[in-house]
Every structure is written in structure tokens, then in C-alpha cells.
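Visitor: I'd like a close look at a single residue, and then at what surrounds it. Could you take me through it informally?

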Amino acid sequence: MLDAATESAPLVRIQGLSKHFPIHAGLIRRQVGVISAVDRLTFDIRRGETLGLVGESGCGKSTAGRTILRLYEATEGAIIFDGTDIAGLSGEQLRRMRPRMQMIFQDPQACLNPRMTVGQIIAEPLDEHGSLSRADKRARVEELLDAVGMNKGFANRYPHEFSGGQRQRIGIARALALDPDFIVCDEPIAALDVSIQAQVVNLLEDLQERLGLTYLFISHDLSMVRHIADRVAVMYLGKMAELASRDALYHEPLHPYTRALLSAVPVADPKIEATRKRVILQGDVPSPANPPKGCRFCTRCPIAVDKCQWEVPEWREARPGHFVACHLAE
Amino acid sequence: MTDAAANSPVTAMPPKQRSMWGDVWRSYRRHPGAMAGTAVFLLILLAVVFGPYIHTVDPGKLDIRAKNITMSLDHPMGTDNLGRDMLAQVLAGGRTSLAVGITAMLLSMLVGAAVGILAGYFRRIDGALMRVTDLFLALPLLPLLLVITMLFRDTLRAAIGPESGIFVLIVFIIGITSWMNTARIVRGEVLTLKEREFVLAARSIGTRNHRILTRHILPNVLSPIMVSATLGIANAIITESALSFLGLGFPSDFPTWGRLLFDGANFMTLTPSRVIWPGLAISLTVLSVNFMGDGLRDALDPRIRGR
């Protein structure tokens with residue numbers, strides 16, 4: 001049994017996590033600058049919850065997810081996974097942590113090796129960790145295929161023989177093979193059509209309930225995040241804009257960017273849709289190689305004041321459990 | 001279109017896991033070009049291996065009275081200007097040419113694929129390995145061959161005998177001067193492959209680097225390697241003949257297809273069979289190997305295999 005203390009302790013604590021990609025230019029490929037794809041993120045992911053991570057394309061959501069899993073080296077900051085800071089681990093120590101955190105990818109076509117059978121793909125984690133016999137491995141693969149709602153006989157087939165939704169299920173089965181605690185879902189439904197999206201999301205929810213999984217659900221589909229997430233974090237240009245429980249964020253967004261994002265979600269009622277007032281943002285996202293000095297959103301913010309131009313807003317808890325990075329949020 | 005195949009009810013699944021090589025073989029056998037290529041290649045191989053036991057004429061035997069004969073019963077492919085039997089020479093030369101072609105190709109594939117994969121996958125050694133590749137590409141081939149031959153021919157001959165010494169030398173020369181294109185092609189493929197999500201997925205599982213290379217990268221760069229390999233055999237046979245022609249290869253009394261072709265070129269109007277037969281042998285070998293490579297490449301790709 002878990003005691004109260006571990007129950008409430010977050011599974012993943014991200015503290016000041018940054019990922020900067022160097023820019024090389026010139027004849028001798030000197031480093032001339034950095035792209036700060038992810039800049040000083042700080043948040044917790046609680047055990048058993050689904051944290052939605054939303055933002056527009058190129059804002060660093062996927063980079064954040066991959067850095068948390070140490071697929072990229074973090075430039076600075078700590079990733080405390082169940083009490084261990086994995087940002088500093090290397091080699092074999094990191095490899096031993098790998099089974100506990102897995103990833104589901106956006107493109108179900110690209111995330112499966114076309115030269116391996118489905119059985120080999122799902123068994124790869126089992127080959128790498130643990131020493132199951134051949135028969136046990138086969139049994140486990142069949143069990144996993146069953147868990148994601150696929151025919152056991154599919155183990156001998158190749159990925160190209162399946163549709164997008166089925167491939168995504170194969171990817172999910174692979175992620176589940178080692179009984180992870182934490183799964184980063186990197187836009188797992190973005191490449192699927194709408195009817196399949198619902199199936200995959202329902203499968204993810206069902207698995208979460210059965211296996212007690214914790215998700216970081218990266219998406220730009222606000223309605224889907226509203227459906228699946230317990231808490232939602234909003235990113236803009238590599239920085240966290242707002243983090244709150246789902247209901248608080250959708251009903252009472254504090255950050256002007258969140259308000260603009262939410263106003264872009266269409267309503268399935270023509271009468272409301274016709275009279276709905278949208279916040280239209282002007283201009284483009286600035287380059288992450290040369291972000292604005294103060295608040296990163298100040299160039300497009302409808303309510304920006306002078307202070308926003310030169311002072312970086314602090315990441316603060318405006319209300320209990322509701323974090324925001326905006327000078328003007330009360 | 002793929003849905004139909006995947007959704008069809010699976011009724012008779014084999015209880016055992018399908019083995020990859022079994023599938024490859026089944027698909028290879030269904031490829032008509034590959035089967036024709038294999039048949040021709042095997043025929044050539046059998047002829048040069050067992051032919052000299054049936055046609056027991058010494059390829060070096062001079063018979064000056066029977067010189068420049070066209071095809072006859074005694075000399076099915078005629079004779080050359082010194083009265084040596086062409087069929088015996090073609091058969092004996094085939095042994096050398098095929099052995100040189102295949103070993104040199106294997107060596108060049110090994111070096112090329114290894115350099116390409118390592119340079120593409122490990123960023124740290126990419127620069128160094130590619131500069132070495134550029135260096136080899138920039139080397140003037142003929143002076144290099146001259147220098148290598150001068151330096152090592154006699155030492156190698158003394159160490160492992162005249163014939164095997166020159167064989168090792170020629171295979172080595174052809175091998176180390178023909179791997180660069182393969183390396184560059186493979187590196188390019190690996191650079192795109194390693195950013196693919198299945199490699200990322202393998203890394204998130206905790207798969208070690210050498211396993212990622214052998215399990216995910218290598219099988220996916222097999223196609224370009226295969227194409228280079230089939231072209232490589234042809235290239236090696238022709239380079240060997242050029243070397244022999246320059247007097248840097250096998251000694252002049254040691255027939256190879258390339259040497260027969262070059263020696264016969266001067267007598268083309270008198271005895272055309274002297275260039276037709278060795279030329280035909282080279283062409284057929286190259287063509288059949290190309291078809292085999294084609295079939296093998298298709299058979300190794302599961303996306304094409306079923307069709």
C-alpha cells in the first residue's frame with residue numbers, strides 16, 4: 001500500500017528545464033547563437049493524472065516531452081522522476097530508468113521500423129530489458145496486442161499492412177511492454193482521422209484506468225485535451241504561459257495567450273458560433289533564436305503594457321493550483 | 001488499401017513465428033529476373049569451377065601451328081595468336097576474375113558500409129571519416145596503383161607465393177579504391193534514418209547504440225548497399241582487367257577475362273571470337289549479378305515482398 005506521503009508526491013517534477021539548440025554558421029561552423037526551444041519550465045506531474053500540454057506548432061511542446069524522457073540532453077534544470085534526478089544520469093543508470101517512462105509518437109508510420117514484424121517491434125523492449133524466454137515473450141506480446149484491442153495473429157505481420165489507427169495501437173503496445181509508470185504522448189492523435197482519434201483516446205483512458213498510468217499528453221487539439229486531461233499547461237515560444245486544472249483553465253483563463261487560444265476553438269452550434277467573439281492575434285510568432293526581451297508574448301499580446309517589453313514575467317501561483325506567467329494577471 | 005489486408009480475418013495463422021529469411025527466400029524465388037540471373041550466374045560459376053576438368057586443355061599450352069583458328073571441334077572458342085586454346089583460357093580466367101570481383105566487392109562493401117554507417121550515426125567522427133573519404137576520392141588512382149604495386153608486390157609474393165600474393169594485392173587495391181561512393185550514399189541514408197521516430201523510439205526504450213545500428217539502421221540501408229554491391233562486382237572485374245592491361249595486375253601468362261579482352265582487342269578483325277567470348281562472359285556475369293541484386297533488394301523489403 002502506498003502511504004499518504006508518496007501518494008501525494010508528484011511522479012515527475014520539472015524544475016527550470018531548458019533545452020537550447022546551438023546555431024552554427026560561417027566558414028568554421030562557429031556557434032553564433034542558440035535557439036531556446038524550451039526555456040526554464042517548472043511544473044509537476046502528479047501520479048495517475050493526465051497533464052495536457054498545448055501550444056501552437058513550434059512552441060517547444062515536443063522538445064519538452066523528449067527532453068523530459070532524456071531523448072535530448074537538457075541544457076539546464078532538473079527532471080526529478082520519482083525522487084531521482086534523471087537529468088544528471090548517464091549510461092547504464094539512465095538505461096535502468098528507461099523502462100519506467102515511455103513515449104507514444106505522433107506519426108504512427110514513422111515510429112515503427114518497416115523491416116520488423118509487429119511481434120519483433122513489441123518485443124524489442126523485452127529483448128533489451130529483462131530475460132524472458134522465447135515462449136514467455138510471445139505470450140507477453142500476445143497479451144499486449146490483446147490489451148490494445150488487436151488480433152493476436154497480427155504479430156507476424158509488418159507495419160505497412162496496417163492502417164494508421166492500428167499502427168498507433170502497435171506503438172502503444174510497445175510503450176506498455178515494460179509496465180511503465182509514465183508515458184509521454186507526443187500528439188498521438190494528430191495524424192489520425194477523427195473517428196480513429198476517439199478510439200485511440202478511449203484506449204489511452206482505458207489503459208490509464210487499468211494500469212494506473214501517468215500521461216503527459218502533448219497536443220494542439222484543445223477539445224481533445226479538454227476531454228482527456230486533468231490539468232492543462234499552455235506553452236508559448238518555449239516558455240510556460242499558464243498551468244491550471246482543466247476546468248479552471250477552460251472557464252477562467254488568466255493569460256491573454258490562453259484566452260486567444262481558447263477563443264479559436266469552434267463551437268458546434270451555428271447560432272453561438274455566429275455571435276462568438278474571437279481574440280485575433282496579430283503578426284507571427286517571433287523567432288526562438290531571437291525572442292523578445294521581456295514577456296515572450298508581448299509582441300502579439302492585445303493587452304501588453306510597457307513593463308512587458310523589458311521585464312520577464314515571473315512564473316507564479318496566481319490562485320491555488322493555478323500558475324501563470326503574466327504581469328497583468330490578477 | 002492496406003486496411004483490407006489487415007482487417008481480413010486471420011484464419012490459418014502458422015503456430016510458429018514466420019522466419020524472416022524464409023520469407024525472403026520465398027519472395028526471391030517469385031522474382032523472375034532474380035531467378036534467371038541466379039541460373040545464369042550459377043551456370044558460369046559451375047563452368048569455371050568444373051569446366052577445366054571436362055575440357056582438359058592446358059590454357060598455357062602453345063601450339064604455334066594451330067594459331068588464330070576460329071571455332072572448331074578441337075578448339076570450341078578458337079585459339080589466339082600463339083595457338084593457346086581460348087575456351088581453356090576463358091574458363092581459367094573466369095576463376096580469377098570471379099574470385100577477384102567477388103572478394104574485392106565484399107571488401108569494398110564492408111569498408112564502405114562501415115564508414116558510411118559510423119559517419120552517419122556518430123556525429124563526433126563524421127567529419128574525420130568524411131574527410132578521409134574525400135581524400136580517397138581525390139587520390140589520383142593510377143599513380144597510387146603504381147606506388148602500391150612497386151612497394152608491396154615483391155614483399156607479398158615472397159610472403160605468400162606469387163599467385164596468391166598478387167591476388168591479395170589486387171583485391172586490396174580494388175577494394176580500397178572503390179568504397180567511397182558506397183560510404184557517401186550510406187552516410188546520407190543513415191543521416192535521415194537516425195532522425196526517424198523508430199530510432200528515437202528505440203532510444204527511449206534504452207536500446208544500446210550497437211543494437212540500434214544492427215537492428216534499425218543496417219536493415220534499412222540494405223537497398224543502397226545491395227545496389228552498390230552488384231555494381232561493385234562489375235566494376236572490380238573491369239578494374240582488374242585495366243590493371244592487368246597496364247602490367248600492374250596478374251602476370252601476362254595468367255589469364256583473366258579482362259586480360260583476354262585486352263589481348264584480343266588487337267586481333268579483333270582477324271579472330272573476333274577472341275573478344276566476343278571473354279566480353280560475353282563479363283557482360284553475362286555483371287548482368288546476372290545485377291538481376292540477383294535487384295531481386296534480393298526487393299525480397300529484403302517487406303513493403304514490396306508481398307506483391
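Is Ser97(B) buried or exposed, and what is its relative accessible area?

Guide: Ser97(B) is buried, with a relative accessible area of just 1%; buried means under 20%, exposed over 50% and partly exposed in between, using a 1.4 Å probe on protein chains only. Bear in mind that this is a predicted model, where local features need pLDDT of at least 70 and side-chain atom pairs count only at pLDDT 80 or more, while totals for chains, interfaces and linings use all residues. Residues are numbered from 1 along each chain as its sequence is written, chains are lettered from A and ligands numbered from 1 in the order in which they are written, and side-chain values use heavy atoms, leaving out hydrogens and water.

The serine sits in helix H4 of chain B, residues 86–121 (helices are DSSP runs of H or I, at least four residues, and strands are E runs of at least two, numbered from the N terminus). Setting aside neighbours within four places in sequence, Ser97(B) is in contact with Ile237(B), Glu240(B), Thr256(B), Trp257(B) and Gly258(B), contact meaning heavy atoms within 4.5 Å.

Zooming out, chain B has 14 helices and zero strands. Of its 307 residues, 45% are buried, and its C-alpha trace spans about 75 × 50 × 35 Å along the principal axes. Take the contacts in chain B between residues at least 6 apart in sequence: 68% of them join residues at least 24 apart.

Now for the partner chain. Here 38 residues of chain A are in contact with 39 of chain B, and the two bury about 3500 Å² between them, 48% of it on carbon and sulfur atoms (accessible area lost on being put together, 1.4 Å probe, summed over both). Arg115(A), Asn156(A) and His160(A) supply 22% of what chain A buries there, more than any other three residues.

Six salt bridges are counted between the chains, each a side-chain nitrogen of Lys or Arg within 4 Å of a carboxyl oxygen of Asp or Glu. Glu124(A) and Arg215(B) form a salt bridge, with their closest N and O atoms 2.8 Å apart. On the side of chain A that touches chain B, the elements giving two or more residues are H3 (91–97), S6 (101–104), H4 (118–128) and H6 (164–176) of chain A. H4(A) gives the most, with five residues.
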